[in-house]
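Colleague: Got a minute to walk me through this one? I'd like to start with the ligand.

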Amino acid sequence: MNDIISINGIKQHLSDPGLSENIQIYQELDSTNREAKAQAVNKAPHGTVIIADYQTAGRGRYSRSFFSPRGTGLYISFILHSERIKFSSPTVITAYAGLCACEAIESLCGFEPAIKWVNDVYLNGKKICGILTEAITDIESGGIGELILGIGINFSTKTTDFPEEIKNRASSLYPDSRPPITRNRFAADIIDRILHCGEIDEKEIFKRYKKRLFILNTEINVTNGNERYKATAIDIDETGSLIVKRENGEIEKLSSGEVSIEEDIKYFA
Ligand code: BTN
């Protein structure tokens with residue numbers, strides 16, 4: 001069983017082989033999100049999928065980099081035209097992507113991953129998947145024209161291959177064993193789920209998303225703009241905003257920002 005990502009390899013696992021029409025596969029790119037953005041500006045169709053076996057400059061949230069080694073990850077970006085997505089905001093598609101990653105992992109690998117708001121996917125206390133959604137403004141309307149949804153999944157990267165600075169916090173689906181499924185199968189499942197996003201309503205997304213959220217009733221560190229504070233995560237609302245209680249008792253609704261937990265590992269122990 002080779003694990004070379006290919007259009008034919010993906011196509012045989014898609015529910016609708018027509019979905020493979022706009023899939024592009026690269027041996028190497030700086031960033032699939034950057035490539036998707038460039039193609040979106042040049043009017044690439046809705047549903048274009050860009051996959052790379054290796055990213056030399058994988059992008060993370062807040063201008064961070066995303067470790068994207070060759071042959072052991074799935075780096076995939078989708079061009080989504082906003083008029084074809086019926087969600088009320090880009091936050092919903094981001095949350096949906098996190099949910100899709102979890103549900104694909106559960107159905108294909110049998111693991112039970114969890115989500116750290118907004119969209120980090122964790123397994124056994126370590127991050128295994130990150131999601132970066134970027135928007136292109138439509139100059140005429142001033143609204144969002146296209147969304148670039150990028151998903152990075154650490155598939156079979158060995159524990160020892162992660163850089164020292166993220167080794168304690170990042171892992172992959174199969175860090176110590178040979179994966180029983182291929183990346184093609186995994187990619188097909190993700191593509192199916194994302195490109196069928198119109199078939200699920202927002203309420204249902206957040207109901208399923210909330211079940212995976214492992215930070216509820218937990219003390220978290222919030223970073224929102226320049227502000228950093230401790231709080232307890234209480235709930236998420238129907239738009240995906242996180243509701244937190246600050247140490248002074250104030251209740252706050254976060255529609256953006258980042259949360260971290262000091263002891264992720266303890267939760268899973
Ligand atoms: C994060 O965890 O901060 C988000 C990481 C997103 C990584 C993916 S990999 C595919 C796509 N291309 C990129 O350059 N970034 C996203």
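Colleague: So how far is an oxygen atom of the ligand from an N or O atom in the side chain of Ser31?

Modeller: That distance is 2.7 Å, and a polar contact here is a pair of N or O atoms within 3.5 Å. Bear in mind that this is a predicted model, where local features need pLDDT of at least 70, side-chain atom pairs count only at pLDDT 80 or more, and totals for chains, interfaces and linings use all residues. Residues are numbered from 1 along each chain as its sequence is written, and side-chain values use heavy atoms, with hydrogens and water left out.

Colleague: OK. What about Lys127 and Arg59?

Modeller: With Lys127, a ligand oxygen is 2.5 Å from a side-chain N or O atom. For Arg59 the partner is a polar backbone atom, 2.7 Å from an oxygen of the ligand.

Colleague: How much of the ligand does the protein bury?

Modeller: The protein buries 98% of the 410 Å² that the ligand exposes when taken alone; those areas are Shrake-Rupley values with a 1.4 Å probe.

Colleague: How many residues surround it, and which are the closest?

Modeller: There are 19 around the ligand, counting any with a heavy atom within 4 Å. Ser31, Thr32, Arg59, Arg61 and Lys127 are the closest.

Colleague: What mix of residue types is in that shell?

Modeller: Five are nonpolar, 10 polar and four charged, with Gly counted as polar.

Colleague: And which element gives the most to the shell?

Modeller: That's β6, with four residues. At least two each come from α2 (32-41), β3 (73-81), β6 (126-137) and β7 (144-154). Helices are DSSP runs of H or I with at least four residues, strands are E runs of at least two, and both are numbered from the N terminus.

Colleague: Changing topic: how many helices and strands are there in the chain?

Modeller: The protein chain has six helices and 12 strands. Its radius of gyration over C-alpha atoms is 18 Å, close to the 18 Å from the globule rule (2.2 Å times the number of residues to the power 0.38) for 269 residues, so the chain is as compact as a globular protein of that length.

Colleague: Where's the cis peptide bond?

Modeller: Between Trp117 and Val118, with omega about 5°. Val118 is in the loop between β4 (114-116) and β5 (120-123).

Colleague: What is the phi of Tyr62?

Modeller: Positive, about 50°, although Tyr62 is not a glycine. Tyr62 lies in the loop linking β2 (48-52) and β3.

Note on methods. Polar contact = N/O pair within 3.5 Å; in protein donor to acceptor, adjacent residues only side chain to side chain.
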